[in-house]
2 protein chains.
Amino acid sequence: MMARRSMREEIVEAALEQFHTHGYNAAGVKTITDAAGVPKGSFYNHFDSKEALAVVALRRYGAGRRLEDLAHGDGEPLARLWAHFESLRDLVVAQEFTRGCLLGNFGAEIADHNELIRAEIREGFHAWAEAIAAALAEAQRAGTVRAELDPGDTARFLVNAWEGALLGARADRSAAAFDTFFALVFGPLLTP
Amino acid sequence: MMARRSMREEIVEAALEQFHTHGYNAAGVKTITDAAGVPKGSFYNHFDSKEALAVVALRRYGAGRRLEDLAHGDGEPLARLWAHFESLRDLVVAQEFTRGCLLGNFGAEIADHNELIRAEIREGFHAWAEAIAAALAEAQRAGTVRAELDPGDTARFLVNAWEGALLGARADRSAAAFDTFFALVFGPLLTP
């Protein structure tokens, strides 16, 4: 018999889903507790505010990306990087080009207005870029990425270009933005 | 004596400001009519819905970008492209890394949920990419951009990479994402 998830855990999982689908402002506490199947009144036993829950949801979201495999996994580093973005693309295609990335969504909607959430987004982007930078540096040692690129700056550029490709794919309901990302990044940008 | 703007015009200008600063869901009709200094009841004399106003605001926003100068203006095409992104960056720096791009913000927050708004965002991105593609094609003829790049695809990649750089700059409250955009785009990506 499976252990029942705690009420707190039900709220976090529901929040992640509701925030990702509807955004920060459109997902109210009542929407989240309804989705979690818990009484609204129980919310404040577990979280001080919707903001505090959003920070936990962002952290949970970031932890789902398997960055360790990207940074230090088996296989050729450029192939790991390709596979990483491919798996992100496949998720978006499976969602019919909706939802996008929670970091980017909250970055667009709420980062200007909430310092705690902005700090969590910043950390999420940085952790992601660090894993990419590790793969890029390894690829430079293997001679498969231009030696003159700064791995950290280039990694951050790739994170940003990916976030923008997501916006383009959602606006167009098409994978064309991803195709171009792969072609230009793994072509002229990175190739020695 | 200056002619007083019409009530409709006051609403559009206030909406553009409120949507850009607070986002779609956080800027209610009352917030917008208050900012415009008009009675809330007058709103529906001019617009069927907040959605209809958002479409008008997006179109107004897109028209403010002087795309004709970018596509067919005077001067070297790559210099026009650089100046274009520089002017966008300067606006964001002047806003202390807040607000970002209305197309990207609405793309993240509301495109999944509203087909009319999504169509307007799509058109805004496409018009922008077309102007960039014209400059890129001219630069290719002048030999200052890699001949093998498809101008349309590359233009769309630049739009997306810029949108992502905006998200990065807002998360970090820093121009670093723009610096890297300029260095990588006008370096390894475009240079023959």
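**Exercise 1. Cysteine pairing**

Determine how far the sulfur of Cys101(A) is from the closest cysteine sulfur, and what follows for a bond.

*Solution.* Step 1. In this predicted model, the cysteine sulfur closest to that of Cys101(A) belongs to Cys101(B), at 17 Å. Step 2. A disulfide requires two cysteine sulfur atoms within 2.5 Å. The separation of 17 Å is therefore too far for a bond. Step 3. The search from the other side gives the corresponding result: for Cys101(B), the closest cysteine sulfur is that of Cys101(A), 17 Å away and too far for a bond. Step 4. Over all chains, the search of the whole structure returns zero disulfides.

**Exercise 2. Setting of the two cysteines**

Classify Cys101(A) and Cys101(B) as buried or exposed.

*Solution.* Step 1. The cut-off for a buried residue is a relative accessible area under 20%. Step 2. Cys101(A) has a value of 1% and is therefore buried. Step 3. Cys101(B), at 2%, also counts as buried.

**Exercise 3. The interface of chain B and chain A**

Establish how many residues of each chain are in contact, what area is buried, and which elements of chain B contribute.

*Solution.* Step 1. Count the residues: 45 of chain B are in contact with 45 of chain A. Step 2. Take the area: about 3,600 Å² is buried between the two chains, and carbon and sulfur atoms give 59% of it. On the chain B side, the greatest losses of area to chain A fall on Asp112(B), Phe157(B) and Leu167(B), together 17% of what that side buries. Step 3. List the polar interactions: 18 residue pairs are in polar contact across the interface, and the rule finds six salt bridges there. One of the salt bridges joins Arg156(A) to Asp172(B), with the closest N and O atoms 3.1 Å apart. Step 4. Assign the chain B side to elements: those giving two or more residues are helices H1 (7-22), H7 (102-109), H8 (115-142), H9 (151-172) and H10 (176-189). H9(B) supplies the largest share, 14 residues. Step 5. Sort this side by class: 18 residues are nonpolar, 14 polar and 13 charged.

**Exercise 4. The surroundings of Gln18(A)**

State in which helix Gln18(A) lies, and whether it is buried or exposed.

*Solution.* Step 1. Gln18(A) belongs to helix H1 of chain A, residues 7-22. Step 2. Its relative accessibility is 15%, so Gln18(A) counts as buried. Step 3. Apart from neighbours within four places in sequence, Gln18(A) is in contact with Gly23(A), Ala27(A), Thr31(A), Ile32(A) and Ala35(A).

Notes:
Residues are numbered from 1 along each chain as its sequence is written. Chains are lettered from A and ligands numbered from 1 in the order in which they are written. This is a predicted model: local features need pLDDT of at least 70, side-chain atom pairs count only at pLDDT 80 or more; totals for chains, interfaces and linings use all residues. Side-chain values use heavy atoms; hydrogens and water are left out. Buried means under 20% relative accessible area, exposed over 50%, partly exposed in between (1.4 Å probe, protein chains only). Contact means heavy atoms within 4.5 Å. Buried area is the accessible area (1.4 Å probe) that two parts lose on being put together, summed over both. A salt bridge is a side-chain nitrogen of Lys or Arg within 4 Å of a carboxyl oxygen of Asp or Glu. A polar contact is a pair of N or O atoms within 3.5 Å; within protein, one must be able to donate a hydrogen and the other to accept it, and residues adjacent in sequence count only if both atoms are side-chain atoms. Helices (H or I, at least four residues) and strands (E, at least two) are DSSP runs, numbered from the N terminus. Ala, Val, Leu, Ile, Met, Phe, Trp, Tyr, Cys and Pro count as nonpolar, Asp, Glu, Lys and Arg as charged, and the others, Gly among them, as polar.
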